[in-house]
Amino acid sequence: QDQHSLTGNPLFASDSLHLPAATTYIESPASNNGVWLGTATQARDFDGDLRLQGNQTPDIGADEFDGFQYTNDLAVLSITQPAGFSQTSDTSLVTTESPLWITAAVKNLSSVGVYNQAVTFTVQRSVGGVWTNFYSTTTSPMNWAVNETKNVAVQGPVLTTLNSTGIFQVIVTVPNDQNNANNTQTKAFRILLKQNAVLLSYNGLTVAGQANMTAAELALNNLGIPFDTIDRNAPKGLPNTTIIDYTPWWTIVWAQGDPTIAPVSGQPTAQAGLSLQETDELTRYLAAGQTYAKKDLVIAGQNIAYYNGYVMFNNRITDTAFMQTTMHTTFVANSPISGTYNGWVNGQQPAFWKYNDSISSASPDVIKPSIVTPNVGPEVNGFAYSYANYSGSSPDSGAGISYYNPTVNTVFYGFDWSNPVTTTPGGHADTTSGVTRTLASAIAFFESHQGTILPVSFVNATVTHAPQSSALFQWSVASTKDVTRYDIEEQTGNSWSLFTSAAVVDNQTNYATTRGIDPSQTYTFRVAAVDASGSKTYSNTMELLPDATSLGMTLGQSYPNPTSGQTEISFTLPSASQVTIQILDVTGKIVNNTITNTAYAAGDQTVSLDLSGLASGSYLYELTATDANGQTTTLSKKLTVQK
């Protein structure tokens, strides 16, 4: 053990040199010449304890005397996931899917290797100012070489609309060492939960904003498209200066408020068309588009083009560049006629905007494409609707503009979502609401240009051990659309890679496939539905623990079974382990903690259980064994109590 210390490998988990407290003391402070060592790290031993004379610390091994030659410093550098955009004045708002994944960068700053250390992840939640533990997990022990950084990732808590409110903080911790100041990192944030591919973003500050939200919401429901919603005026109770990360969604339906109303105190981004913050958020969202995964954006709002493409409203700076270069829309006139426009908007693309619709709008903008392109090609800017009654130039009478390129699709309407009125053109009675048909045309445009709306809706996905050292994958889907194949992906570290694929079968909702694995290993999988453009929708993640049989672990049938009270359970352990045996009812509720965290040697074991306190019925007995390496294996079988 002294040699271990001198060679920089002081592993003193349990040994004879760690004597009990007060048995003996270090007669002088830890030093090499009788004086205190000069740095904070040298003042502590390898176990993170201060080197003090007679301090009742039960550590006086070789690491106390010779270990000062080396440093033992494992540091949590940063929490890289969850990520999100934030301002210094606000709590970070993190857009995430469920479950919440947590990743931290942990680095060995020691002069020697670090061995057998685990990382603990804790999530706390505050609702009403009271912090409570929401989730906690500790990794298996890991080793770090000198200067090595590991991105340690864990699958965190499952999130729902009910438990994703409030303030969260993630705390990542490594064990004490010679520099405890860098052993913990904390990140506080609020959660914006992404559950669907489509997001309806609205401004609920005004009556007009609420009306536009209601109209767009009705249209999405009529079209059967699942969607998330966010009031961007005050997301999750935050000030509306909080930056929103839209990038996880595939399609954004943008509903405007009332841009003729000046911003009110405390609402710096409200109204006046689109604020610079909002255009920055949307630009960032569209910039995340890829050739295999395009981003879709449809905006409807009267006077948006006017205030962002022609004038400064109440001396507020507006974003002309966003209208021109992002939405590819140029302002032409404030309204097609003098006063309220009650009239037709004529569809200009028979494949999508097939029909003439009627709108009633106080001040709809007249607009036109900002660039001239061919009618077909990799980049096309064109008219979606034109006003039937416009006194200006006929080619510039646009009420809606469409645009697409290899990574994005956009549609801009110069009127509010609540402006189209109900019409029933001949031969098109499936969407009788004017706003529903207006939105349906934009959605059809997106889907025809490789946009993603809803490729698939997963019901569940599971993986289990199968014969001949293979894994059985099973998943079910409620609905599919344009899915070309299913990929099963495996997680390694912080990245995912293709493990196997399965073909799509028309009208099939239940799938199953197998592939060979090493049954002694632990795996994490997920199923990805891949649509025609290459965009993916993921199932829940699935963890496959080692097959107990491959490890030499077995669980025998209880005897007698059925039993009126007394029964015996036999099991075999491949190595000495801590064993817990629990009895569960058919709902999975633990009804009797028979044996908890008891040490058993390797080999065949038998335990007796007294189940006389249980009512007649079917139960499950579950054995969990954790060996010296932290490897945990669980086996279970059924038993019957019959009185």
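Here are four short exercises, with worked solutions, on a predicted model.

**Exercise 1: two helices**

Work out how helix α3 and helix α7 are oriented towards each other, and which residues bring them into contact.

*Solution.* Two numbers come first, since a packed pair of helices is described by the angle between the axes and the distance between them. Pick out α3 at residues 207-223 and α7 at residues 434-448; their axes are 8 Å apart and make an angle of about 70°. Angles from 65 to 115 degrees count as roughly perpendicular, so that is the label for α3 and α7. As for handedness, α3 passes α7 in a right-handed crossing. On the α3 side, the contact is made by Ala-215, Ala-216, Ala-219, Leu-220, Asn-222 and Leu-223, and α7 brings in Val-435, Thr-436, Leu-439 and Ala-440. Sort these by class and you get eight nonpolar residues, two polar ones and no charged ones.

**Exercise 2: one residue of α3**

Decide whether Thr-214 is buried, partly exposed or exposed, and find how far Tyr-202 is from it in space.

*Solution.* Start by placing Thr-214: it sits in helix α3. Its relative accessibility is 44%. Buried means under 20% and exposed means over 50%, so Thr-214 counts as partly exposed. Now for Tyr-202: go twelve residues along the sequence from Thr-214, and the C-alpha to C-alpha distance in space comes to 9.5 Å.

**Exercise 3: a five-stranded sheet**

Trace the strand order of the sheet that holds β5 and β6, and say which strands stand at the edges.

*Solution.* Reading across, the order is β2-β10-β9-β5-β6, an open sheet with mixed pairing. β2 (92-96) and β6 (131-138) each have a single partner strand, so one side of each has no neighbour in the sheet; these are the edges. From one strand to the next, the twist averages 35°. Zoom in on β5, residues 120-126: this strand pairs with β6 in the antiparallel sense, over seven bridges. To find your place there, look for Val-123, which stands opposite Tyr-135 in β6.

**Exercise 4: a three-stranded sheet**

Do likewise for the sheet that holds β31, then find the bridge partner of Ser-570.

*Solution.* The strands line up as β30-β31-β34, with antiparallel pairing in an open sheet. β30 (554-555) and β34 (603-610) are at the edges; each has a single partner strand, so each is left with one side lacking a neighbour in the sheet. β31 covers residues 566-573 and is joined to β34 by eight bridges, the two running antiparallel. Ser-570 has Thr-606 in β34 as its bridge partner.

Notes: Residues numbered from 1 in each chain as written. Predicted model: local features only at pLDDT ≥ 70, side-chain atom pairs only at ≥ 80, totals over all residues. Heavy atoms only, no water. Axes fitted to C-alpha atoms, helices over the stretch in contact; angles between N-to-C directions. Helix = DSSP H or I, 4+ residues; strand = E, 2+ residues; numbered from the N terminus. Parallel < 35°, antiparallel > 145°, perpendicular 65-115°, else oblique. Left-handed = near helix turned anticlockwise from the far one by under 90°. Contact = heavy atoms within 4.5 Å. Nonpolar A, V, L, I, M, F, W, Y, C, P; charged D, E, K, R; others polar. Pairing = 2+ DSSP bridges. Buried < 20%, exposed > 50% of the residue type's maximum accessible area, 1.4 Å probe, protein only.
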